[in-house]
Amino acid sequence: MDFSLSEEQLMIQQAAKDFAQSELMPGVIERDDSQTFPDELVRKMGELGFMGMMVNEKYGGSGLDTQAYVLAMEELSKVDASASVMVSVNNSLVCWGLETYGSEEQKQKYLTRLASGEIIGAFCLSEPEAGSDATSQKTTAIDKGDHYLLNGTKNWITNGGRAEVFLVIAQTHADKGHHGINALIVEKGTPGFEIGPKENKLGIRGSDTHSLLFNDVIVPKENRIGADGFGFKFAMKTLAGGRIGIAAQALGIAAGAYELALQYSKQRKAFGTEISNHQAIAFKLADMHTKIQAARLLVYQAASDKDNGNDYTLSGAMAKLYASDVAMETTVEAVQIHGGNGFVKDYHVERLMRDAKITQIYEGTSEIQKIVISRSIIKD
Ligand SMILES: Cc1cc2nc3c(=O)[nH]c(=O)nc-3n(C[C@H](O)[C@H](O)[C@H](O)COP(=O)(O)OP(=O)(O)OC[C@H]3O[C@@H](n4cnc5c(N)ncnc54)[C@H](O)[C@@H]3O)c2cc1C
């Protein structure tokens, strides 16, 4: 297995690192406090090609591979996981789904603008009573001949207040269970489509998360993605790739916290020496470094599977499960290494600890990843 990076991949990694340090770091604490993220920064991420990294250049994307994408995700997430979740949802869940399964008309109309970052998108699967059990969709899309009539509520939608294009999963043929589900493209501003208030969150507070309400929303038939009843498969396929992005986000959060802790431990003195000279601290750093590298290899393995046309359901689930646990453990230890300073905002690690938690929850909780992994290994 060769994970050496190409010149292009190294360039993307450096570009993401530079952008994170020069553009995301200033104001990151204030954005977390105020739960905001300026449009200007989203625009810049689009200009640099971060919003449609894997999309073919003919549709306005950067035409890069998954490996380049995870490298960028890691670097952005070291500094600001709120920025990287916007990037992840737009790339993995919205652009990938449209490019892979959308019609040519849908790609021309929506993908080109999404991939260039001119507009951003949202992926709408979760509902008040359908989270891990995504088959229990209560949102309905009734077939009315030339259009669907959409009714229902979606919960926890990332980019909910900012997106212009929403991929909405809804039940059309209840008698067919999950084979009766469709994925529809819904535009912001369509009559009957309302955006609920912003959620007040523990972490990734710069990212806007909203409920969405659909009340007799008319969606043209040509906005359905794929064949009638393809919606659930669309969602599962899309999420399988999305997990690689979230695994890379978790890796970045862990690596960011580790780098801060390492630096701090070499400066802070206690009992007449730098705290890194106390074995209890040095061993924490050794564990963090080892686990982060193991997580990185799992993320690279999953990216490589996707880039090489291999099945990445198992490797993506393992990468997300492990990297998100490492993110949680590492950020807790980074706070510990910072002592009292770890508990205040100026040192960044408390924010990284709060941001880490979501990586064990969204795009399939850790328990759901274990279901995916165990099913895959038992069936073999
Ligand atoms: C900040 C944020 C952003 C999000 N962004 C999006 C988005 O953009 N689009 C979107 O569609 N959704 C999004 N989500 C929703 C997210 O994917 C769900 O919250 C997640 O899938 C879990 O669903 P739930 O909250 O309903 O929890 P539940 O499904 O109710 O789970 C509760 C607990 O039970 C466990 N559990 C459930 N079933 C099983 C089982 N069979 N075996 C063992 N344990 C089980 C879970 O692991 C969890 O610990 C977001 C959520 C948050 C918090």
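1. Let us start with the enclosed space. In this predicted model, the count comes to one cavity of 30 Å³ or more. The largest cavity has a volume of about 50 Å³. Its lining is made up of Val-28, Arg-31, Asp-32, Phe-37, Asp-80, Ser-82, Ile-204, Arg-205, Gly-206, Arg-351 and Asp-355. Two elements give two or more residues to this lining, helix 2 (28-34) and helix 10, and helix 2 gives the most, with three residues. By class, the lining of the largest cavity holds three nonpolar, two polar and six charged residues.

2. Next come the open spaces, beginning with the largest pocket. About 1,500 Å³ of space lies in it. It is lined by 47 residues, and the closest to its centre are Leu-239, Arg-243, Glu-363, Gly-364 and Thr-365. If you would like to trace the walls, look at helix 5 (81-101), strand 3 (147-158), helix 7 (231-267), helix 9 (313-337), helix 10 (349-358) and helix 11 (366-379), each of which supplies at least two lining residues. Helix 7 has the largest share, with seven residues. The lining of the largest pocket divides into 22 nonpolar, 13 polar and 12 charged residues.

3. The second largest pocket has a volume of about 200 Å³. Of its 13 lining residues, Gln-21, Met-25, Lys-78, Val-79 and Glu-259 are the closest to the centre. At least two residues of this lining come from each of helix 1, helix 4, helix 7 and helix 10. By class, the lining has five nonpolar, three polar and five charged residues. You may recognise helix 7 and helix 10 here, since each also supplies at least two residues to the lining of the largest pocket.

4. Now for the aromatic rings. A search of the whole structure finds eight aromatic pairs. One of them joins Phe-19 and Phe-50 in a tilted arrangement, with 5.9 Å centre to centre and 55 degrees between the planes. This pair links distant parts of the chain, 31 residues apart: Phe-19 is in helix 1 (residues 7-24), while Phe-50 is in the loop between helix 3 (39-47) and helix 4 (66-79). Phe-19 counts as buried because its relative accessibility is 4%, under the 20% cut-off. Phe-50, at 3%, counts as buried too.

5. Phe-166 and Phe-193 have ring centres 4.9 Å apart and planes at 90 degrees, so this pair is edge-to-face. Phe-166 belongs to strand 4 (residues 165-171) and Phe-193 to strand 6 (residues 193-198), so the pair ties together parts that are 27 residues apart in sequence. Both of these residues are buried.

6. Two further kinds of ring contact are worth a look. Trp-96, Tyr-101, Phe-230 and Phe-234 form one aromatic cluster. There are also lysines placed over tyrosine rings: Lys-221 lies over the face of Tyr-148, at 5.3 Å from the ring centre, and the charged end of Lys-306 sits over the ring of Tyr-312, 5.9 Å from its centre.

7. Finally, which way do the residues of strand 1 (residues 121-124) point? Gly-121 and Phe-123 point one way, Ala-122 and Cys-124 point the other way, and all are buried. Strand 1 pairs with strand 4 in the parallel sense, over four bridges. Within strand 4, Val-168 is the bridge partner of Cys-124. Strand 4 is also where Phe-166 of the edge-to-face pair lies.

Terms used. Residues are numbered from 1 along each chain as its sequence is written. This is a predicted model: local features need pLDDT of at least 70, side-chain atom pairs count only at pLDDT 80 or more; totals for chains, interfaces and linings use all residues. Side-chain values use heavy atoms; hydrogens and water are left out. Rings of Phe, Tyr and Trp (its six-membered ring) pair if their centres lie within 6.5 Å; planes under 30 degrees apart count as stacked, over 60 as edge-to-face and the rest as tilted. Buried means under 20% relative accessible area, exposed over 50%, partly exposed in between (1.4 Å probe, protein chains only). A charge sits over a ring if NZ of Lys or CZ of Arg is within 6 Å of the ring centre and within 35 degrees of the ring normal. On a 1 Å grid over the protein atoms alone, a cavity is a set of points where a 1.4 Å probe fits but cannot get out, and a pocket is an open set with protein on both sides within 12 Å along at least five of seven lines; lining residues have an atom within 4 Å of a point. Grid points are joined across faces, edges and corners, and a volume is the space filled by probe spheres set on the points. Ala, Val, Leu, Ile, Met, Phe, Trp, Tyr, Cys and Pro count as nonpolar, Asp, Glu, Lys and Arg as charged, and the others, Gly among them, as polar. Two strands pair if DSSP finds at least two bridges between them.
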